[in-house]
Amino acid sequence: MEQHSKLTVEQKSKMKRIVRYSVAVIAVALLIFVCVEVYSFYRLSSDRLFAEGYTAYLTTTTRAENDSTGSKIEQAYRQENYEAVKKLNANSVLSVNDIFLTGMSYLETNDLAKAISSFQVVIADVKDNKAFVLKDAAEYYLALAYLKNNDYDLAIELMNSINDNPSHVYTKKFSRKYINRVKRLKWR
């Protein structure tokens with residue numbers, strides 16, 4: 001009987017030791033997790049998220065050099081001559097595509113207020129189903145412009161609507177993880 005109680009005492013001390021070590025391991029793992037999360041939180045920035053989500057827009061149509069002013073804007077955009085696009089914008093009547101390319105030029109040159117207003121005009125003007133790709137692109141780049149301009153609420157709202165719409169061309173660009181990281185920026 002004495003030997004049986006001795007084993008129980010040894011087993012109890014062994015169990016206590018196992019529990020103690022398990023708690024220590026869990027505490028260290030939790031501390032590492034918290035440190036990594038805090039580090040990623042403070043490292044997070046709108047510029048970093050913008051760069052992560054941004055994809056340069058490539059025009060899809062080709063036109064002759066001597067075509068209308070719209071094609072001059074498109075040609076200047078293709079050549080990445082964003083200042084020329086902005087100058088052509090000031091001197092002509094523009095199509096919705098030209099306004100979009102002008103907005104992209106403003107976004108490329110970091111003139112966020114003008115980029116945002118250009119994208120809003122495009123979204124408001126696109127009414128037919130043929131130009132849904134242009135509208136989707138304008139919404140995508142508008143969300144990124146809001147993000148870069150630190151308008152997180154507007155960016156999150158637009159990103160959620162893009163993510164929730166399976167027929168949106170850019171629905172895969174804004175994952176839930178990406179949107180949650182934008183939400184974290186609001187807390188900073």
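This tour proceeds through the structure stop by stop, naming what to select and what is found there.

**The whole chain**

Begin with the entire chain, bearing in mind that the model is predicted. Coloured by secondary structure, the chain shows nine helices and zero strands. From the N terminus onward the order of elements is therefore simply α-α-α-α-α-α-α-α-α. Of the 188 residues in the chain, 34% are buried. The surface that the chain exposes comes to about 12100 Å², with 57% of it supplied by carbon and sulfur atoms. Among contacts with a separation of 6 or more, 56% join residues 24 or more positions apart.

**Confidence**

Next, colour the chain by pLDDT. The average over the chain is 86, and 88% of the residues score at least 70. Helix 8 has the highest mean pLDDT among the elements, 95, whereas helix 3 has the lowest, 78. Now select residues 62–67, where the pLDDT is below 50. Beyond near neighbours in sequence, this stretch makes seven contacts in the model. Where pLDDT is low, the predicted coordinates should not be read in detail.

**The largest nonpolar core**

Select Y57, F100, Y141 and L147 and show their side chains. Within the largest nonpolar core, which has 44 residues, these four touch the most other members. Helices 2 to 9 each give two or more residues to this core. To follow the contributors along the chain, select helix 2 (46–53), helix 3 (69–78), helix 4 (82–90) and helix 5 (96–108), and then helix 6 (112–125), helix 7 (132–148), helix 8 (152–164) and helix 9 (176–187). Which helix supplies the largest share of this core? That helix is helix 7, with eleven residues. In soluble globular proteins, nonpolar side chains tend to be buried together.

Keep F100 selected and display its surroundings. Apart from neighbours within four places in sequence, F100 is in contact with Y57, F119, V122, L134, A137, A138 and Y141. Two of these partners, Y57 and Y141, were also named above among the core members that touch the most others.

**Helix 5**

F100 leads to helix 5, in which this residue is buried. Is helix 5 mostly covered or mostly uncovered? It is mostly covered, with ten of its 13 residues buried. The buried residues are D98, I99, F100, L101, T102, G103, M104, S105, Y106 and L107. Measuring tools in the viewer may be applied to the ends of this helix: at 1.5 Å a residue, the 13 residues should span 18 Å, and the end C-alpha atoms are indeed 18 Å apart, so the two values agree.

**Two positive phi angles**

Just after helix 5, select N110, whose phi is positive at about 65°. N110 lies in the loop between helix 5 and helix 6 and, at 46% relative accessibility, counts as partly exposed. A second such residue is E80, with a phi near 60°, a positive value in a residue other than glycine. E80 belongs to the loop between helix 3 and helix 4, and its relative accessible area of 58% makes it exposed.

Close to E80 in sequence, R78 has its place in helix 3. R78 is partly exposed, at 37% relative accessibility. Select T59 as well: the C-alpha atoms of R78 and T59 are separated by 7.1 Å, although the two residues are 19 residues apart along the chain.

**Salt bridges of helix 9**

The final stop concerns charged pairs. Side chains of opposite charge can pair when their charged atoms come close. The model has seven salt bridges, and three of them may be visited from helix 9.

- Select E37 and R184, whose side chains meet in a salt bridge at 3.4 Å, N to O. E37 lies in helix 1 (residues 2–43) and R184 in helix 9, so the pair ties together parts that are 147 residues apart in sequence. Both count as partly exposed, E37 at 29% relative accessibility and R184 at 28%.
- Select R181 and E52, which form a salt bridge with the closest N and O atoms 2.8 Å apart. This pair links helix 9 with helix 2 across 129 residues. E52 is partly exposed, with a relative accessible area of 45%.
- Select R176 and D164, whose salt bridge has an N to O distance of 2.5 Å. R176 is in helix 9 and D164 in helix 8, twelve residues apart. R176 is partly exposed, with a relative accessible area of 39%.

How values were computed. Residues are numbered from 1 along each chain as its sequence is written. This is a predicted model: local features need pLDDT of at least 70, side-chain atom pairs count only at pLDDT 80 or more; totals for chains, interfaces and linings use all residues. Side-chain values use heavy atoms; hydrogens and water are left out. A nonpolar core is a set of buried Ala, Val, Leu, Ile, Met, Phe, Trp, Tyr and Cys residues joined through side-chain atoms within 4.5 Å. Buried means under 20% relative accessible area, exposed over 50%, partly exposed in between (1.4 Å probe, protein chains only). Helices (H or I, at least four residues) and strands (E, at least two) are DSSP runs, numbered from the N terminus. Contact means heavy atoms within 4.5 Å. Accessible areas come from the Shrake-Rupley method with a 1.4 Å probe; for residues, only the protein chains shown count as cover. The expected span of a helix is 1.5 Å times one less than its number of residues. pLDDT is the predictor's confidence in each residue, from 0 to 100. A salt bridge is a side-chain nitrogen of Lys or Arg within 4 Å of a carboxyl oxygen of Asp or Glu.
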